[in-house]
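Q: Hello! I am new to this structure and would like a close look at a single part of it, with some of its surroundings for context.

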Amino acid sequence: MGIFGRKRKAGRARDEEYGDDAAYEAYDADTGEDPEDDGPDAPAGPYDVADAPDDGRPRMDLGSVRVPVPDGSQVQVEMDQQSGNVRAVHIVTGHGQVTVSAYAAPRSGGLWKDVSAELADQLRADGAKVTSGRGEWGTELSAIVGEVALRFVGVDGPRWMLRGVIAGPQSQAAQAPVVLRDIVRETVVVRGDSPMPVRTPLPIKLPESIAAHIAEQQAQQG
């Protein structure tokens, strides 16, 4: 992991470290395709900004990440009420809410392996049913919390780690991971040159149009 600008082969092996493998495969039957058959034109993303393609695809520029927004989706901004800073930006699709976040990571990579293990433990401690398996970029986690199905993916890049999650009803669990992977695969990460402690979230900057809309709403509420 951490190599960008060329195709990566997804492994067949299933990782049983976190749960019942059969349960994961039932949840992961979302494409019906061989995970190793990515074809000659399979994209190589997500991309570091230095390797991003000039493909003309519209992406929402959030400063540290540039994220594609599928047709028919809505954008929701989660604000920190105390600081007034942006906590997260969510893309609400027909199959669930997608959140993509980037973090500072060591040059050696491998952060997602540790983060995914800790995340699985945390989810279990909260009462979730968690399973793990191999996906396009390595470990993927799926979790069931009440009536909500979650899928997490992570990608190690050059001095950054990208994490994506989709949350939605269990009835949409089969197709939700496909939507998540499509968004993560086309995301561009802008790490910047500033030194940051490992695991520090890369800052989010809203597009002017969205920031102006939020400011107008806050003014009306005030």
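Does Arg-159 count as buried or exposed, and why?

A: Happy to help, and please keep in mind that this is a predicted model. Arg-159 counts as buried, because its relative accessibility is 18% and the cut-off for buried is under 20%. You will find Arg-159 in the loop between strand 9 (148–157) and strand 10 (160–169). Its backbone deserves a look too: Arg-159 has a positive phi of about 70 degrees, although it is not a glycine. Most residues other than glycine have a negative phi, and most peptide bonds are trans.

With that in mind, let us visit another arginine. Arg-199 also is not a glycine and has a positive phi, of about 80 degrees. Look for Arg-199 in the loop between strand 11 and helix 4 (208–221). Arg-199 counts as partly exposed, because its relative accessibility is 36%.

A third arginine belongs to a helix. Arg-181 lies in helix 3, which covers residues 176–185. At 10% relative accessibility, Arg-181 counts as buried. The C-alpha atom of Arg-181 is separated by 8.2 Å from that of Gly-164, and the two residues are 17 apart along the chain. Helix 3 as a whole is mostly covered, with nine of its 10 residues buried. Among these buried residues are Ala-176, Pro-177, Val-178, Leu-180, Ile-183 and also Arg-185.

Helix 2 offers a two-sided picture. This helix runs over residues 111–125 and has 15 residues. From first C-alpha to last, helix 2 reaches 21 Å, close to the 21 Å expected at 1.5 Å a residue. Its buried residues are Leu-111, Trp-112, Val-115, Ser-116, Leu-119, Ala-120 and Leu-123. They cover an arc of only 155 degrees around the axis, so they sit on the same side of helix 2. On the other side of helix 2, Lys-113, Asp-121 and Ala-125 are exposed.

Now for the strands. Strand 7 (residues 129–134) and strand 8 (residues 139–145) run antiparallel and are joined by six bridges. One pair to look for is Lys-129 with its bridge partner Ile-144 in strand 8. These two strands form a hairpin with four residues between them. In that turn, Gly-138 has a positive phi of about 125 degrees.

A second hairpin brings together strand 4 (residues 74–79) and strand 5, which pair in the antiparallel sense over six bridges. Here Glu-78 stands opposite Ala-88 in strand 5. Six residues lie between strand 4 and strand 5, and Gly-84 in the turn has a positive phi of about 80 degrees.

Ala-88 also leads us to a pocket, since Ala-88 is one of the residues that line the second largest pocket. About 180 Å³ of space lies in this pocket. Strand 5 (86–93) and strand 6 (96–104) are the elements that give two or more residues to its lining. Strand 6 provides the largest share, four residues. Besides Ala-88, the lining includes Val-86, Arg-87, Val-100, Ser-101, Ala-102, Tyr-103 and Pro-201. By type, the lining residues of this pocket divide into nine nonpolar, two polar and one charged.

Finally, there is an open sheet of four strands, with the order 1-11-3-2 and mixed pairing. Strand 1 (47–48) and strand 2 (60–61) stand at its edges, each with a single partner strand, so one side of each has no neighbour in the sheet. Strand 1 pairs with strand 11 (residues 188–189) in the parallel sense, over two bridges. Within this pairing, Asp-48 has Val-189 of strand 11 as its bridge partner. The loop between helix 1 (21–27) and strand 1 holds Pro-46. The peptide bond from Gly-45 to Pro-46 is cis, with omega near 5 degrees.

To come back to your starting point, Arg-159 is a buried residue at 18% relative accessibility, and its place is the loop between strand 9 and strand 10.

Conventions
Residues are numbered from 1 along each chain as its sequence is written. This is a predicted model: local features need pLDDT of at least 70, side-chain atom pairs count only at pLDDT 80 or more; totals for chains, interfaces and linings use all residues. Side-chain values use heavy atoms; hydrogens and water are left out. Two strands pair if DSSP finds at least two bridges between them. On a 1 Å grid over the protein atoms alone, a cavity is a set of points where a 1.4 Å probe fits but cannot get out, and a pocket is an open set with protein on both sides within 12 Å along at least five of seven lines; lining residues have an atom within 4 Å of a point. Grid points are joined across faces, edges and corners, and a volume is the space filled by probe spheres set on the points. Ala, Val, Leu, Ile, Met, Phe, Trp, Tyr, Cys and Pro count as nonpolar, Asp, Glu, Lys and Arg as charged, and the others, Gly among them, as polar. The expected span of a helix is 1.5 Å times one less than its number of residues. Buried means under 20% relative accessible area, exposed over 50%, partly exposed in between (1.4 Å probe, protein chains only). The arc is that of the directions from the helix axis to the C-beta atoms.
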